[in-house]
Structures are given as C-alpha cells and as structure tokens.
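Let's take a relaxed walk through this protein chain, one spot at a time. Keep the picture open while you read.

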Amino acid sequence: MRDVLVIGGNRYFGKRLIDRLIAAGDRVTVLNRGSASPPAGAIHLVADRDDEAALNSALGDRAFDVVVDQVCYTPRQAAIARRVFAGGRTRRYVMTSTIEVYEYEDSLVYEDTVVPVREDAVDPRTLPVDLQLPWHKPEFLDTHYGEGKRQAEAVFTADGTEFAYTAVRVAHVLGGADDFTGRLDHYAQRIRTGTPIAVPTENRPATYIHVEEIADFLFWTVGENFTGPVNAASHGLLTTEELCAAVARHIPAGKAVFQNVDVGQVSPFSFARSYGMDNSRAAGLGFTFGHVQEWLPRAVAETLGAEAGRRGVGASDVGGE
C-alpha cells in the first residue's frame, strides 16, 4: 500500500485520479481549502496551500510515498511546497503542468511548424524565476498561466531539491459530462445558432487527451520512478474544424461557420501557432496512448450529453461506450 497525497484535484481528472488510487488499495490523503469534500475513502486535510504555516500544521508529522500536486500555478507555491515537503516528507513529487509552458512571448517552439514539440524545448533548469511578480493577483495569473507553470517547474528542478520530481505537461483535455471549462459549449452554442466561430487566419492544429486517459496517465506516473518533464498527449493532431465537425454531428441542423481574424479574441481551441506535443518519452517509458480520432466522438457525446440524448445517439455513435 502506498501513501499518496493529492493537493487539490476534487474535480474533473483529479477526481478520477483519486478514485483510481483508492481502487488500487492506496492510502489517499487529499488536501484542499475545504471548499469540496474528496471522494469517499480518502483522508481529508484542510489548508490553504499558499499559507506555509497552515500547510505545515495540517500535515503534522505525516509522510508520503508520492505527492501529486494538481494546483501548483506559481513559483511562490512551488517554493513553499519545496520547503514543506523537504526533510523526508515525500520521496517523489508529481506536479501537473501544462502544454502552455511551450507558448510564451518570443518563443520559436511552435513558430511555422506542425512538428510536435519535445520536452527539451523548454528546460526548466535554465529558466529564470521571479518571485516578486504579482502572482497573488488573479488577473495577473490568468494572463500568465503558462509562465507561472514554467517558473514553478524551475523552482522544483533547481539544485538542492530533496525529493525526486516530475512535471506532467498535460495536453488540452476533452471529455466527461463534468467538463467545467465550457469550451465545447462555446462551439455548440455557435454551431446551433450559426454564429461565426473566430479563428486565426493561420489556424494551427493541437494535441489533446481524453479526461480518462490523463487520469490513467497520472495514476501510472505515481508508480513510476522517472524524473523531469514528460508530455501527456494522445496520438494525433486535431484542427478546430475537425473538432467543430464532431460537435456539429450532435446538433440537428447545426452548421459551423468560421470567421478568420488577424487580431482580437479567437475561439478556445484555435491557435495561431502549432500546439502539438511529442509523446515519445512517455511511450518509451511504457505508457500506451490512444488516438484522438478514436475517442473524439465519445468525448463530445459525453460533454454534450443533452444534445446527444435528443438525437438518440447510440453506443455505435460514441465510440462503443
């Protein structure tokens, strides 16, 4: 039996990860601010992870085989966690990071290419960290999400960290009736009404992962020993047009109308740069990914369940589920 601490993770794929750990017989502790209770069978600790004293107090003398940090968004949070979990409190730390670490000002990672990017394109050991930026302000964090994750990774990989560490760089996640992001609904509403969908003039493809697959991946990572960043993405690229075609199949008489824009806000899953990740490191370590085209119909049906129900969609229409 492993002792696993999950920080955050009470919804979407974090909740699924906790369920998998409990089903495997692990002793699971969930730490959050108390806004939601964890799944049945988990131990619940309440603390604000930004308050170092409160975090130390809540943890007491507990130690864990693995910590899975679902809600580390800033280098300040990483610095607190690095101090709190030193001294033998854990042997392994898994941080949920993001594909957006590869997208930053003046980045050439995705410029004019559709070749999926490898982990070494962003090496956290070489990145500067600025703890004085206003990370505590939500409006700043909202517009610096990728930068916050990059600097958090840099804090954990700096010399002197006392535990093994890996960052799971998660592709765009789709699927599940509990998708709280509203991104597929954005497309569904526009397809239903014929409202134009804003996309860049040069609209690039991206990589995705199903909500169940990323939960499987994190569960697998808990039991592995590799360190450093790792990309988590299903095989295959997906364009905005392909995604909207899958959504349109669940909306009677719906039609996707695209509007090219050179400046201004575009729809959630449309990108001026290619947004694909190479998953060969994880595959080489032993994880088997699915293909986005295989699970996309099921993912859309899960999230747009009401639309699917009105059409009478059967098992054959949603990937055999």
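Leaving aside its neighbours within four places in sequence, valine 170 is in contact with Thr96, Ser97, Thr98, Ile99, Ile209, Ile214, Ala232 and Met277. You'll find valine 170 in strand E6, which covers residues 164-170. Keep in mind that this is a predicted model. Is valine 170 buried or exposed? Its relative accessibility is 5%, so valine 170 counts as buried. Now look for asparagine 231: it sits 61 residues away from valine 170 along the chain, yet their C-alpha atoms are separated by 6.4 Å.

Let's zoom out for a moment. The protein chain has eleven helices and eleven strands. Along its principal axes, the C-alpha trace spans about 60 × 45 × 40 Å. For 321 residues, a compact globule would have a radius of gyration near 20 Å, and the protein chain agrees with that, at 20 Å. Buried residues make up 50% of the 321 residues. If you take the contacts with a separation of 6 or more, 81% of them are between residues 24 or more positions apart. As for the outside, the accessible surface comes to about 14100 Å², and 49% of it belongs to carbon and sulfur atoms.

Back inside, which residues touch the most other members of the largest nonpolar core? This core has 61 residues, and the answer is Val168, Leu174, Tyr208, Ile214, Phe217 and Leu243. Helix H7 (residues 211-222) gives the largest share of this core, six residues. There is also a second, separate core of 25 residues, which includes Phe85, Tyr93, Val155 and Tyr165.

Leucine 174 is worth a click. Not counting neighbours within four places in sequence, its contacts include Tyr12, Leu184, Tyr208, Leu243, Phe269 and Trp295.

Leu184 takes us to helix H6 (residues 183-193), where Leu184, Tyr187, Ala188 and Ile191 are buried. They cover an arc of only 100 degrees around the axis, so they end up on the same side of H6. What do the buried residues of H6 pack against? Their partners are strand E7 (172-174), strand E8 (197-200), helix H8 (240-248) and helix H10 (292-303). Just after H6 comes glycine 194, with a positive phi of about 75 degrees.

Glycine 194 isn't alone on that side of the phi scale: tyrosine 12 has a positive phi of about 55 degrees although it is not a glycine. Tyrosine 12 belongs to helix H1, and its 4% relative accessibility means that it counts as buried. Alanine 253 is not a glycine either, and has a positive phi of about 65 degrees. Its place is in the loop between H8 and strand E11 (258-261). Alanine 253 is exposed, because its relative accessible area is 82%, and the cut-off for exposed is over 50%.

Next up, the aromatic rings. The count comes to 17 aromatic pairs. Here are two of them:

| Ring pair | Distance between centres | Angle between planes | Kind |
|---|---|---|---|
| Phenylalanine 85 and tyrosine 93 | 5.7 Å | 65 degrees | edge-to-face |
| Phenylalanine 271 and tyrosine 275 | 4.6 Å | 70 degrees | edge-to-face |

Why do these pairs get that label? Planes over 60 degrees apart count as edge-to-face. Both phenylalanine 85 and tyrosine 93 are buried, and phenylalanine 271 and tyrosine 275 are buried too. Ring pairs also link Phe85, Tyr93, Phe156, Phe163 and Tyr165 into a cluster.

Last stop: strand E2 (residues 27-32), the place of threonine 29. Threonine 29 has a relative accessible area of 3%, so it is buried. Which residues does threonine 29 touch, not counting those up to four places away in sequence? They are Val4, Leu5, Val6, Ile43, Leu45 and Phe64.

In the loop between helix H1 (12-23) and E2 you'll see alanine 24. With a relative accessible area of 45%, alanine 24 is partly exposed. Alanine 24 and arginine 2 are 22 residues apart in sequence, and their C-alpha atoms are 9.4 Å apart in space.

How values were computed
Residues numbered from 1 in each chain as written. Predicted model: local features only at pLDDT ≥ 70, side-chain atom pairs only at ≥ 80, totals over all residues. Heavy atoms only, no water. Buried < 20%, exposed > 50% of the residue type's maximum accessible area, 1.4 Å probe, protein only. Helix = DSSP H or I, 4+ residues; strand = E, 2+ residues; numbered from the N terminus. Arc of directions from axis to C-beta. Contact = heavy atoms within 4.5 Å. Core = buried A, V, L, I, M, F, W, Y, C linked by side-chain atoms within 4.5 Å. Rg over C-alpha atoms; globule rule 2.2 N^0.38 Å. Areas by Shrake-Rupley, 256 points an atom, 1.4 Å probe, with all protein chains shown as cover. Phe/Tyr/Trp six-rings, centres within 6.5 Å; stacked < 30°, edge-to-face > 60°.
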